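Ready to work through a protein model piece by piece? Have a look at the sequence and the structure first, then try each exercise before reading its solution.

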Amino acid sequence: MKLTLPTVLSFNGGYVDTVGYLSLQGLFTAHVTGNFVTIGAALVFGTSGIVAKLLALPVFCTVIIVTRLVSFYLPPRWPVLDTMLTLKLLLLLVAAILAIAMGSFANGDGAPAIILGMTLVSAMAIQNAVHRIHMGAAPPTTLMTGTTTQMMIDIADMIRGVPVAAGDAMRSRLRRMSVAVASFATGAAAGALLFHAIGSWCFVLPPGVALLARITAKSSLTAPTGPHSETT
């Protein structure tokens, strides 16, 4: 699997969403709209974590708005993409420290669980913003439903038969999307295994992967992008 920025981010997206779900009473930290489903389940079965699930979407939206606005006022010597990836790295580092210091989170509505959950949601909000602003042509790194749907559509069209040029484009897109899905799934599996094996210490990995993403971005992206290079 080629090490590219979307690949690294997809791994972290799957990993963080999984360990957040397992440790924080079913809280989705990257796929925040999934919390609407788990809120219903929590209400029916009387489980905890409703407050965090209710807060996830407004926190997610607020962080994206603030991140986008602040990015327009950064000094030119601070590249927007690198700054966003650095901020995400710092948030994941804080989350790791909080998770290890506060231990298990049996009560999803307790302050420790909410603080950790919203820190992770904020980090994943920045990752989503990075994708939309800087990697619009790449598959999403935190949600695979749309990617999988497009893959199946392309496969069906190729089975039916398409012109050579269209087929080449579909195969190229399928390769990119397959890598994204595989990376996300690998991250999710790794998150589940490490959570089972070492508990809250599993949160140590995401900051390391975020650092790798920052290094990968510096080495693979040669042209400046983002607000400082936008013309509209």
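Below are five exercises, each with a worked solution.

A word on the ground rules: this is a predicted model, so local features need pLDDT of at least 70, side-chain atom pairs count only at pLDDT 80 or more, and totals for chains, interfaces and linings use all residues. Residues are numbered from 1 along each chain as its sequence is written, and side-chain values use heavy atoms, with hydrogens and water left out.

**Exercise 1: the overall fold**

Work out how many helices and strands the protein has, and how its radius of gyration compares with the globule rule.

Solution.
- Step 1: count the elements. There are eight helices and zero strands (DSSP runs numbered from the N terminus, helices being H or I with at least four residues and strands E with at least two).
- Step 2: check the compactness. The radius of gyration is 18 Å, close to the 17 Å that the globule rule gives for 232 residues, so the protein is as compact as a globular protein of that length. That radius is taken over C-alpha atoms, and the rule is 2.2 Å times the number of residues to the power 0.38.
- Step 3: picture the box. Along the principal axes, the C-alpha atoms fill roughly 55 × 50 × 30 Å.
- Step 4: look at contacts (heavy atoms within 4.5 Å). Among those with a separation of 6 or more in the protein, 76% are between residues 24 or more positions apart.

**Exercise 2: inside and outside**

Find what share of the residues is buried and how much area the protein exposes.

Solution.
- Step 1: fix the terms. Buried is under 20% relative accessible area, exposed is over 50%, and partly exposed is in between, with a 1.4 Å probe and protein chains only.
- Step 2: apply them. Of the 232 residues, 43% count as buried.
- Step 3: turn to the surface. The protein exposes about 11,500 Å², and carbon and sulfur atoms supply 71% of it. Areas like this come from the Shrake-Rupley method with a 1.4 Å probe; for residues, only the protein chains shown count as cover.

**Exercise 3: aromatic pairs**

Find the aromatic pairs and say how their rings are arranged.

Solution.
- Step 1: know the test. Rings of Phe, Tyr and Trp (its six-membered ring) pair if their centres lie within 6.5 Å; planes under 30 degrees apart are stacked, over 60 edge-to-face, and the rest tilted.
- Step 2: count. The structure holds two such pairs.
- Step 3: take Phe-11 and Tyr-15. Their rings are stacked, 6.2 Å centre to centre with 25 degrees between the planes. The two residues sit four apart in helix 1 (residues 5–23), so about one helical turn separates them. Phe-11 and Tyr-15 are both buried.
- Step 4: take Tyr-21 and Phe-28. This pair is tilted, at 5.0 Å centre to centre and 40 degrees between the planes. Tyr-21 is partly exposed, with a relative accessible area of 36%.

**Exercise 4: salt bridges**

Locate the three salt bridges and say which parts of the chain they join.

Solution.
- Step 1: recall the idea. Side chains of opposite charge can pair when their charged atoms come close. The cut-off here is a side-chain nitrogen of Lys or Arg within 4 Å of a carboxyl oxygen of Asp or Glu.
- Step 2: start with Arg-214 and Asp-82, whose closest N and O atoms are 2.9 Å apart. This pair links distant parts of the chain, with Arg-214 in helix 8 and Asp-82 in helix 4 (residues 80–102), 132 residues apart. Arg-214 is partly exposed at 22%, whereas Asp-82 is buried at 16%.
- Step 3: move to Arg-173 and Asp-154, with closest N and O atoms 2.7 Å apart. Here Arg-173 in helix 7 meets Asp-154 in helix 6 (residues 145–160), 19 residues apart. Arg-173 is partly exposed at 27%, while Asp-154 is buried at 1%.
- Step 4: finish with Asp-168 and Arg-171, also 2.7 Å between the closest N and O atoms. Both lie in helix 7, three residues apart, about one turn of the helix. Asp-168 is partly exposed at 41%, and Arg-171 is partly exposed at 37%.

**Exercise 5: a nonpolar patch**

Identify the residues of the nonpolar surface patch, then place Val-204.

Solution.
- Step 1: list the members. They are Ile-100, Leu-194, Ile-198, Trp-201, Val-204 and Leu-205, with about 490 Å² of accessible area together.
- Step 2: check the rule. Patch residues have over 30% relative accessible area and no salt bridge; nonpolar side chains (Val, Leu, Ile, Met, Phe, Trp, Tyr) are joined within 5 Å, and like charges within 9 Å.
- Step 3: place Val-204. This residue is in the loop between helix 7 (164–198) and helix 8 (205–220), and at 41% relative accessibility Val-204 counts as partly exposed.
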